[in-house]
Amino acid sequence: MSTTTRGTAIINLDVEGPVISRHLYGHFAEHLGHCVYGGFWVGEDSDIPNEGGIRLDVVEALRALDIPNLRWPGGCFADEYHWRDGVGPREQRPRMVNTHWGNVEENNHFGTHEFMALCELLGAEPYVNGNVGSGTVREMSEWVEYLTRDGDSPMVRLRKANGREEPWRVRFWGIGNETWGCGGNMRAEYYADLARQYATYCRDHGDNTLYRIASGASDDDYAWTRTLMEQISCFGCEAKPKNFFQALSLHYYTLAGPWEAKGSATAFDTADHYRTMAAARRIDRIIAGHSTVMDVYDPGRTVGLVLDEWGTWWDVEPGTNPGFLFQQNTLRDALVASLHFDIFHRHAARLVMANIAQTVNVLQAMLLTDGERLVRTPTYHVFEMNKGHQDATSLPVHLRLAAGGSRELADGGTLETLSVSASTRDGALLVSLSNLDAEAPAEVTLDLRGGAVGAPTARVLTAERLQTHNTAENPDAVAPRPHDEGVRVDAERPSLLTVALPPHSFVTVSAPLAG
């Protein structure tokens, strides 16, 4: 029997941290496998209920998450996508080959208008990633004009001819994707010049002010971040950075092994689980490292950091197309997500957006489709349980361990197995707690200071085994359940709430603020 981990989380209700942007709960839809075609898009002739070809059960499920933004069309695909091929009558659109993902042919039936219709159905802001790798400055500039300009310009006339009179509002624009890799294999210095050039011609039209996101680093490539920051500021400068781009992106994936042998999504042991959690925790140091570099050039933190690709990456499911990146999603994946969100909340002063890869049927998906059936994954439920943190005020959490709380790793390192974050919004407190330990339960006492709360309610996400996952036959194998009995209020000091966490579990506790 494993020893119960015990600790105290001191939360100062009257000490406000930075606001947790709702965009940290963003999503990503690439033309990859069955994310777009077969996921979001089924076509108007499908027997699956749809609106204009967009699958409605997917929309309904994502709306329940208060999805704040959706990144499209890639990913690596963005740098071989030419937007004009995806507008106009669908039957007249040219076909293309998706060389990055499965070498399959696409009919371009899901293009700019369909994506914007999807965002409107979702109530999400569009995040459009432009083509720098194989495109031109003019192509991206005209895409911005097509989407956002009013009046009587050439691109406005084209948009109207294609059935849309009014411009859309599109703030978020990515200037290329992974330009250090699939987006062109560029040197940082070369891309930095391109970023300035592209940003110059991506214009603000009318009252649509662009938020230009430069293609940033992979993992801990701090030199790439430094090179981009040098384009807009100087070492130690106090002046406001030049306004070429407003944010840098960052990509980081969680793997349990080397790239060539990432491991199975469902067949793993406890050691694999702990390696995965240690890899997930590494994002804390990576964000801190990039933030530190940015602080040198932008001490006022006016330039944002955008983690627009993150999540687990396993070997594809046996028998599936290796280029489609379809993987199952277990309780382990859910704990990777809950841990990431705690880290994101702590870095909310610099981290302004994050987009999990990807939304439907690809990598660490929210949803899996199986014909007419739709499956919500364990990761989906973490997003839903945590949605009260969106645009909330973060609270500093000081976690003190009395017993347990760590596991020794095979490589000699140590994994901390408890994670906590907290915020307030609309007169309510929300605390998220993760117990990463595969075997030991935990008890965490929430020591609430500087205020008082009313009666708490709690929910728990767990299962008997870490490998448990949801299927069309058993869609609720991992699903949130009430956990009020797992929270004990101290009779003499009602500001002390003791929360029981089963092994490998995620728990949220909410309570109204009193007074």
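User: Which side chains meet E114 and R93 style, N to O, and at what distance?
Analyst: The side chains of E114 and R93 form a salt bridge, 3.1 Å from N to O. A salt bridge here is a side-chain nitrogen of Lys or Arg within 4 Å of a carboxyl oxygen of Asp or Glu. This is a predicted model, where local features need pLDDT of at least 70, side-chain atom pairs count only at pLDDT 80 or more, and totals for chains, interfaces and linings use all residues. Residues are numbered from 1 along each chain as its sequence is written, and side-chain values use heavy atoms, with hydrogens and water left out.

User: Where do E114 and R93 lie?
Analyst: E114 is in helix α2 (residues 112–122), and R93 is in the loop between β6 (69–72) and β7 (96–98), so the pair ties together parts 21 residues apart in sequence. Helices (H or I, at least four residues) and strands (E, at least two) are DSSP runs, numbered from the N terminus.

User: Is E114 buried or exposed?
Analyst: E114 is buried, with a relative accessible area of 5%. R93 is buried too, at 9%. Buried means under 20% relative accessible area, exposed over 50%, and partly exposed in between (1.4 Å probe, protein chains only).

User: How many salt bridges does the structure hold?
Analyst: It holds 33. One of them joins R22 and D391, with the closest N and O atoms 3.1 Å apart. R22 sits in the loop between β2 (19–20) and β3 (26–28), and D391 in the loop between α9 (378–385) and β17 (392–395), so this pair ties together parts 369 residues apart in sequence.

User: What network are R22 and D391 linked in?
Analyst: A network of salt bridges links R22, E125, R171 and D391. R22 is partly exposed at 30% relative accessibility, and D391 is partly exposed at 35%.

User: New topic. How many cavities of 30 Å³ or more are there?
Analyst: There are 2. On a 1 Å grid over the protein atoms alone, a cavity is a set of points where a 1.4 Å probe fits but cannot get out; lining residues have an atom within 4 Å of a point. The largest cavity has a volume of about 40 Å³, counted as the space filled by probe spheres set on the points.

User: Which residues are closest to its centre?
Analyst: G176, N177, S215, S249 and D308, out of 13 that line the largest cavity. The largest share of that lining, 3 residues, comes from β11.

User: And what lines the second largest cavity?
Analyst: Y81, W83, G130, N131, E139, M140 and W143. Helix α3 (residues 137–148) gives the most, with 3 residues.

Methods: 1 Å grid on protein atoms, 1.4 Å probe; cavity = no way out; pocket = protein on both sides within 12 Å on 5 of 7 lines; lining within 4 Å.
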